Each structure stands twice: as structure tokens, then as C-alpha cells.
Amino acid sequence: MNPIVLDGGLATHLETLGCDLSDDLWSARLLTDDPGVIRQAHLDYFRAGADVATTASYQASVPGFVRHGLTSQEARDLIRLSVTLAVQARDEAGHGLVAASVGPYGAYLANGAEYTGDYDLDEDGLTEWHRERFEILADTGADLLACETIPSQAEARALARLLRETPSVQAWVTFSCRDGEHISDGTPFEESAAIFTDMPQVVAVGANCTAPRFIPDLIKRGASIVYPNSGETWDPANRRWLGLADPVEFGRAAAEWAALGARHVGGCCRTTPAHIREIRSHLT
């Protein structure tokens with residue numbers, strides 16, 4: 001059976017569509033400013049061959065929206081809207097699943113901590129921070145939750161707690177990884193993935209927001225879902241991307257990841273509908 005094709009970088013495509021995502025809400029700001037463009041971005045990915053739309057809730061949280069002047073109720077409504085928009089795009093496309101994005105605590109901090117796991121909360125604190133948004137998304141009717149870009153074992157354990165509280169909700173879990181052996185906080189990938197071994201509701205564990213060159217080794221260590229970045233590198237001093245990732249090369253790499261055993265394949269930062277089209281082409 002061919003792997004399930006995931007979508008690509010939602011924020012990347014939104015920028016291509018002319019959106020300014022320069023504040024700390026990132027793509028979640030468009031839930032208030034221009035929800036229609038989010039729906040269009042999902043639809044573009046479905047039309048490019050994606051089987052799954054991942055919602056614009058990655059950087060959305062009640063405290064994050066409240067920090068920007070919204071009420072708690074408005075924040076909760078916007079988090080639900082992120083799923084509604086993906087469902088509308090799925091229905092127009094006529095196929096696919098909707099994965100409600102559960103981004104890491106580091107996305108709320110907006111300081112790059114999702115790539116280090118350097119947090120000011122312990123496992124208990126992370127459980128409570130995630131709880132409200134997790135419960136909102138779990139109750140939306142999304143096909144599953146995408147617990148993604150998780151940089152630390154403490155955050156993985158926190159999400160595992162919440163998943164055990166909602167055994168009827170399916171999810172995938174993906175870590176941000178520093179290399180082919182370790183997640184971002186330095187914990188071995190296999191040790192982190194083992195947290196979810198005995199949880200049948202977790203349909204896949206793997207890696208996202210990670211350099212493509214690390215993906216083969218992570219698959220060999222048990223990653224069954226992979227959606228890495230494009231392969232470009234970020235120059236923080238000059239605030240620009242360096243290099244250019246070819247969608248055709250990305251598609252060829254995706255075929256190699258599938259041959260190694262990945263069952264869910266897509267893209268993360270700096271990948272576009274062109275990358276997903278090439279993945280579909282190389283996996284068909």
C-alpha cells in the first residue's frame with residue numbers, strides 16, 4: 001500500500017499567497033484577519049495530491065490570542081474555526097482527512113524553543129498548558145490530532161497524559177530532531193517514541209520540522225511518519241533562507257523514505273504544493 005501523503009508548509013504557502021506572517025501568532029493570525037486564504041491554502045494542497053490537511057492551529061492558543069487582545073471565548077472560537085476551514089476545503093476537494101495541529105509550547109513562546117526544548121515548564125506545567133486547546137481540538141470532529149514539532153521528552157509525556165484521558169481520539173506524534181538519533185532536547189528518538197508504544201490511538205510516531213538528511217536514520221529507528229523541512233537553512237543574522245530545495249529532488253527523497261518504511265510522508269517548513277505534487281508523483 002502506498003504511503004499516505006501529507007500536506008506541506010501551511011505558512012510557507014500562505015506567504016506565497018501574499019500573507020504577512022511576521023508577528024508571533026504566525027499563520028494563526030489569519031484566523032481573524034483572512035480565514036478564506038487559509039481555506040484556499042488547504043484546498044491547494046488537496047489539489048496537489050495531499051491526503052491530509054493539517055490545520056492552522058499550530059501557533060493558536062487561548063493565552064496567545066488573549067495576549068493579542070481577544071477574549072477567551074473569541075480565542076476558543078478561532079481554534080475551532082481552524083478545523084472548520086480545513087473541513088470545508090476537504091469537502092470541496094472531495095477527499096482527504098483533517099488533522100488538528102497541536103503545536104508545542106515553544107510555538108507559543110515564539111523564541112525558537114520548539115527546536116531546543118528549553119522550557120520554563122515541567123511535565124505537569126506542560127500538561128496544564130496544553131489541556132485547554134487539546135480538549136477544544138479533540139472535540140471538533142477532526143479526524144485526528146497532529147501533535148507535532150515536539151522537542152522534549154517532558155512535552156511528549158505531557159501529551160501522552162492528555163491522550164490517555166481521551167482514548168477515543170486518534171493522533172500522530174512527531175518530534176523535532178537535532179540529528180538522526182536524537183530529538184531536539186538530546187533524548188534518543190527511540191526512547192521518546194517508546195512513550196507511545198502501548199497507545200493504540202497513536203497511529204504513527206515520527207519526525208517533522210527536521211532536516212531531510214536526518215530522515216533515513218530516523219526511519220531506521222522507528223519513525224513511520226516523516227515530514228521534514230525543505231532542506232534550506234535559515235540565516236538568523238540576516239533573517240533569510242539560504243539555498244534552494246528542488247521539489248523534484250524532494251519527491252525522489254520521499255520515495256526513498258517510503259522504501260525505508262515510512263507510511264506517512266509530507267513536508268514542513270519551506271515546502272509547497274509543488275513539493276507535495278512531486279511526492280504524489282513519485283509514490284504513485
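The crossing of helix 11 and helix 12 is right-handed, in a model that is predicted. The axes of helix 11, residues 247-260, and helix 12, residues 273-283, come within 8 Å and cross at roughly 45°, which makes helix 11 oblique to helix 12. On the side of helix 11 the contact is made by Pro247, Val248, Phe250, Gly251, Arg252, Ala254, Ala255 and Ala258, and on the side of helix 12 by Ala274, His275, Glu278, Ile279, His282 and Leu283. Sorted by class, the contact of helix 11 with helix 12 has nine nonpolar, three polar and two charged residues.

A second helix pair can be described in the same terms. Helix 3, residues 35-48, and helix 5, residues 72-93, have axes that come within 8 Å and cross at roughly 45°, so that helix 3 is oblique to helix 5. The crossing of helix 3 and helix 5 is right-handed. Here Pro35, Ile38, Arg39, His42, Leu43, Phe46 and Arg47 in helix 3 meet Leu81, Leu85, Ala86, Gln88, Ala89, Arg90, Glu92 and Ala93 in helix 5, and by class the contact of helix 3 with helix 5 has nine nonpolar, two polar and four charged residues.

The cysteines form another topic. A disulfide is a covalent bond between the sulfur atoms of two cysteines. With a cut-off of 2.5 Å between cysteine sulfur atoms, the count comes to zero disulfides. Why is cysteine 147 without a bond to the closest cysteine sulfur? The sulfur of cysteine 147 is 14 Å from that closest sulfur, which belongs to cysteine 268, and this is too far for a bond. Cysteine 147 is also buried, with a relative accessible area of 0%. Cysteine 269 is likewise in no disulfide, and the nearest cysteine sulfur, that of cysteine 209, is 3.7 Å away; since the cut-off is 2.5 Å, this pair does not count as a disulfide. Cysteine 269 counts as buried at 15% relative accessibility.

Cysteine 209 also has a backbone feature to note, which it shares with alanine 110: phi of cysteine 209 is near 50°, a positive value in a residue other than glycine, and phi of alanine 110 is near 55°, again positive in a residue other than glycine. Most residues other than glycine have a negative phi. Cysteine 209 is found in the loop between strand 6 (202-208) and helix 10 (215-220), whereas alanine 110 has its place in the loop between helix 6 (105-109) and helix 7 (123-138). The table sets out accessibility for these two residues and for others discussed in this report.

| Residue | Relative accessibility | Class |
|---|---|---|
| Cysteine 147 | 0% | buried |
| Cysteine 209 | 7% | buried |
| Cysteine 269 | 15% | buried |
| Alanine 110 | 42% | partly exposed |
| Isoleucine 225 | 0% | buried |

Isoleucine 225, the residue in the last row, has its place in strand 7, residues 225-227, and counts as buried at 0% relative accessibility. Which residues is isoleucine 225 in contact with, leaving aside its neighbours within four places in sequence? They are Leu6, Trp172, Val173, Thr174, Ala204, Val205, Gly206, Ala207 and His264. For one of these contacts, valine 205, the C-alpha to C-alpha distance from isoleucine 225 is 6.0 Å, with their positions 20 residues apart in sequence counted as a separation.

Notes. Residues numbered from 1 in each chain as written. Predicted model: local features only at pLDDT ≥ 70, side-chain atom pairs only at ≥ 80, totals over all residues. Heavy atoms only, no water. Axes fitted to C-alpha atoms, helices over the stretch in contact; angles between N-to-C directions. Helix = DSSP H or I, 4+ residues; strand = E, 2+ residues; numbered from the N terminus. Parallel < 35°, antiparallel > 145°, perpendicular 65-115°, else oblique. Left-handed = near helix turned anticlockwise from the far one by under 90°. Contact = heavy atoms within 4.5 Å. Nonpolar A, V, L, I, M, F, W, Y, C, P; charged D, E, K, R; others polar. Buried < 20%, exposed > 50% of the residue type's maximum accessible area, 1.4 Å probe, protein only.
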